[in-house]
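Visitor: I am new to this structure and should be grateful for a close look at a single part of it. Please begin with one residue and then describe its surroundings.

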Amino acid sequence: MKETNVQGEVFKSNGNTISVKKYALSPEEHNKLIYVIHKTLNDHNHVIEDDKLQLVINTIMKHYVDVFTVGSTITCESNQWWIGGFRPSQILQVILPQLQHMYTQQQLSDIYNLGQSCQQAEYALAQGMVKLKQNLDISATADGKGFQLSYVPQQLSFFKEADNLRQEFLLQFCRLLTISQQAEFVVALEEHLHNPQPRSSL
C-alpha cells in the first residue's frame, strides 16, 4: 500500500511504515531507508516491489547530493575528501572491485568510460583550484585586496562545479545498472562514505 502527501510517499514493507520524503533526510530517516535496502538484498522473505525500491534508491541518492551541496557552501576548510565531497573516480576505484562480478562486459566498458570522463573533469577542477590559490598568494604579496575579496566566491564556484560533477556521476552511473545493482551500489557507497579513505590532494 502506498500513500502520497506533500512531504513525499509512504508505503508498507513487512508491516513497517516507510516514509520517503521529497526533501533532505534526517539521519534516522536515512538509516531507515538504508536498512530497507539491506533487508531487500539479504533477506529473501523481505520482498519489496521494484518501483518502491527504485524510489528508496532515488531518495538516498538525492540525499547524498543535498548533503554535499549544503556541506560545500558552509566553509571551504571543512571538506573531508576532495573539493567539498567525494571524488567520483575514487569512488569507482574503491567500490568497483567489490561489485564488478555482477556487471556485464558492456556495463564495465560503459563504467570505465564514465570513470575516464570523471577523471578529466576532476583534473580540470583541481588545476583551476591550484591556479586560484597561486593567484591568491601573488595578490597577498602585492597587496591585491580586490582579488582577495573575490577569492571566496570564486572558490565556492569550484565547489559548486564539483557538486554538479558528483550529482551527474551518480545519475549516469545508476543509469548503467539494474535496480538490484543500484541497491548493491548504495550499500557499498554508504559504507565508503562512513569509512572514507584518507583525503587526497586536489
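Visitor: Which residues does His 30 touch, not counting residues up to four places away in sequence?

Guide: Leaving aside residues up to four places away in sequence, His 30 touches Leu 25, Ile 60, His 63, Tyr 64 and Glu 190, where contact means heavy atoms within 4.5 Å. This is a predicted model, in which local features need pLDDT of at least 70 and side-chain atom pairs pLDDT 80 or more, while totals for chains, interfaces and linings use all residues. Residues are numbered from 1 along each chain as its sequence is written, and side-chain values use heavy atoms, with hydrogens and water left out.

His 30 belongs to helix 1, which covers residues 27-42; helices (H or I, at least four residues) and strands (E, at least two) are DSSP runs numbered from the N terminus. With a relative accessibility of 6%, His 30 counts as buried, a term for residues under 20% relative accessible area, whereas exposed means over 50% and partly exposed lies in between (1.4 Å probe, protein chains only). Thr 59 stands 29 residues away from His 30 along the chain, yet their C-alpha atoms are separated by 9.0 Å.

One of the partners of His 30 is His 63, a residue of helix 2. His 63 is likewise buried, at a relative accessible area of 11%. Beyond four places in sequence, His 63 touches Leu 25 as well as His 30. Leu 25 therefore appears among the contacts of His 30 and among those of His 63, as heavy atoms within 4.5 Å define a contact.

Another partner of His 30 is Glu 190, one of the buried residues of helix 6, along with Gln 181, Gln 182, Ala 183, Phe 185, Val 186, Val 187, Ala 188, Leu 189, His 192 and Leu 193. Helix 6 runs over residues 179-194, and at 1.5 Å a residue its 16 residues should span 22 Å; its end C-alpha atoms lie 23 Å apart, which agrees. The expected span is 1.5 Å times one less than the number of residues.

Phe 185 of helix 6 leads to a further feature, since Phe 86, Phe 169, Phe 173 and Phe 185 form one aromatic cluster. A search of the whole structure finds three aromatic pairs; rings of Phe, Tyr and Trp (its six-membered ring) pair if their centres lie within 6.5 Å, with planes under 30 degrees apart called stacked, over 60 edge-to-face and the rest tilted. Phe 86 and Phe 169 make an edge-to-face pair, 6.4 Å centre to centre with 65° between the planes. Phe 86 lies in the loop between helix 2 (50-72) and helix 3, and Phe 169 in helix 5 (residues 145-175), so this pair ties together parts that are 83 residues apart in sequence. Phe 86 is buried at a relative accessible area of 1%, and Phe 169 is buried with a value of 1%. Phe 169 also pairs with Phe 173 in a stacked arrangement, at 5.7 Å between centres and 25° between planes. These two residues are four apart in helix 5 and are thus separated by about one helical turn. Phe 173, at 1% relative accessibility, is buried too.

The charged end of Arg 166 sits over the ring of Phe 86, 6.0 Å from its centre; the criterion is NZ of Lys or CZ of Arg within 6 Å of the ring centre and within 35 degrees of the ring normal.

Helix 3, which comes after the loop that holds Phe 86, comprises the twelve residues 88-99; it should span 16 Å, and its end C-alpha atoms are 16 Å apart, which agrees. Its buried residues are Pro 88, Ser 89, Gln 90, Ile 91, Leu 92, Ile 95, Leu 96 and Leu 99.

In the chain as a whole there are six helices and three strands, following the pattern β-β-β-α-α-α-α-α-α along the sequence. Of its 202 residues, 42% count as buried. Among contacts with a separation of 6 or more, 67% join residues 24 or more positions apart.
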